[in-house]
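User: Please take a close look at the salt bridges in this model, and say where the partner residues sit and how exposed they are. Please then follow the strands that carry some of these residues into their sheet, giving cut-offs for the terms you use.

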Amino acid sequence: DTPLNPKEGEKIRALIEKTAPGKNINYVVYSHTHGDHIGGGTAFLHDRVSYLTGKEGTVRIRKVLGAQVAEKTQELTGEYELDLGGRKIRIFPFLSTHASDMLIAYDPVEQIIFQGDLFALPEVGPVPVGFPVNQQLAQFIKARQLPVKLIVSVHGRSGTLGELLETVKRRSTVR
């Protein structure tokens, strides 16, 4: 994801370049095309970058970021594998009640899921009562039998599979 606006996107790009000097940024993978996830996308507009979005996400990308980004965007309708030089990341399209163009990234080596808005924990405090999207993410993980150590969120702190399941359990007890 690229945050909020081009200025914030430039800050993120600079941080990536500082953290991994000499490495190319080849992909921008959008968890979904809500504005707070794509707004800084033009900061990554250069010859080597490819943008990935879920089904029909290019319509929103064209509207928010323009034709240049839209033309470099690939819509994923099936599982896709990124090869990051010996490190493979699996990208899954995921239809949720939050967004129809959702993508989930999974690193099988580290057993980490990256997702936007399907699971978010507050920076401090207990695991909250969950939302329907928490249940959807839990079902996705179970159906694919993905071993998961960490779920990284765009908003809030990262959490464990146990914490995700706790949000689902809490939701079922408050109905």
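Analyst: **Salt bridges and the sheets**

Because Glu166 and Arg170 are 4 residues apart in helix H6 (residues 161-173), about one helical turn separates them; helices (H or I, at least four residues) and strands (E, at least two) are DSSP runs numbered from the N terminus. The model is a predicted one, in which local features need pLDDT of at least 70 and side-chain atom pairs count only at pLDDT 80 or more, whereas totals for chains, interfaces and linings use all residues. Residues are numbered from 1 along each chain as its sequence is written, and side-chain values use heavy atoms, with hydrogens and water left out.

Glu166 and Arg170 form a salt bridge whose closest N and O atoms are 2.9 Å apart, the term meaning a side-chain nitrogen of Lys or Arg within 4 Å of a carboxyl oxygen of Asp or Glu. Glu166 has a relative accessible area of 27% and is partly exposed, and Arg170, at 30%, also counts as partly exposed; here buried means under 20% relative accessible area, exposed over 50%, and partly exposed in between, using a 1.4 Å probe and protein chains only. Elsewhere, Arg87, Asp107 and Glu110 are joined into one network by salt bridges that share partners. The structure holds 8 salt bridges.

Another of these lies in helix H1, where Glu17 and Arg13 are 4 residues apart, about one turn of the helix, and their closest N and O atoms are 2.9 Å from each other. Glu17 is partly exposed at 40% relative accessible area, whereas Arg13, at 16%, counts as buried.

The salt bridge between Arg90 and Glu79 has an N to O distance of 2.7 Å, and this pair links distant parts of the chain, since Arg90 is in strand E5 and Glu79 is in the loop between strand E3 (73-76) and E4, 11 residues apart. Arg90 is partly exposed with a relative accessible area of 23%, and Glu79 is partly exposed at 47%.

Arg90 leads into the sheet through E5. This sheet is open, with 5 strands in the order E4-E5-E6-E7-E8 and mixed pairing, where two strands pair if DSSP finds at least two bridges between them. Its edge strands, each pairing on one side only, are E4 (80-83) and E8 (150-153). Neighbouring strands of the sheet are turned by 25° against each other on average, direction ignored; axes are lines fitted to C-alpha atoms, for helices over the stretch in contact, and angles run from 0 to 180 degrees between N-to-C directions.

Within this sheet, E5 (residues 88-94) pairs with E6 in the antiparallel sense over 5 bridges, with Ile104 of E6 as the bridge partner of Phe92. Strand E6 (residues 102-107) is largely enclosed by the rest of the structure, because 6 of its 6 residues are buried. Met102, Ile104 and Tyr106 on one side, and Leu103, Ala105 and Asp107 on the other, are all buried, and both faces of E6 are thus covered. Asp107, at the end of that list, is also a member of the salt-bridge network with Arg87 and Glu110.

E6 is joined to strand E7 (residues 112-115) by 3 bridges, and the two run antiparallel, with Ala105 standing opposite Phe114 of E7. The hairpin of E6 and E7 has 4 residues between the strands, and in it Gln111 takes a positive phi near 60°. E7 and E8, by contrast, pair in the parallel sense over 4 bridges, and Ile112 stands opposite Leu150 in E8. Helix H5 (residues 132-143) packs on this sheet, touching E5, E6, E7 and E8, and its direction makes about 130° with that of E5; contact here means heavy atoms within 4.5 Å.

E3, which borders the loop that holds Glu79, belongs to a second sheet, an open one of 3 strands in the order E1-E2-E3 with parallel pairing. Its edge strands are E1 (27-29) and E3, each pairing on one side only. E1 and strand E2 (residues 50-54) run parallel and are joined by 3 bridges, and Tyr51 in E2 is the bridge partner of Val28. Helix H3 (residues 57-65) packs on this sheet, touching E2 and E3, and its direction makes about 150° with that of E3.
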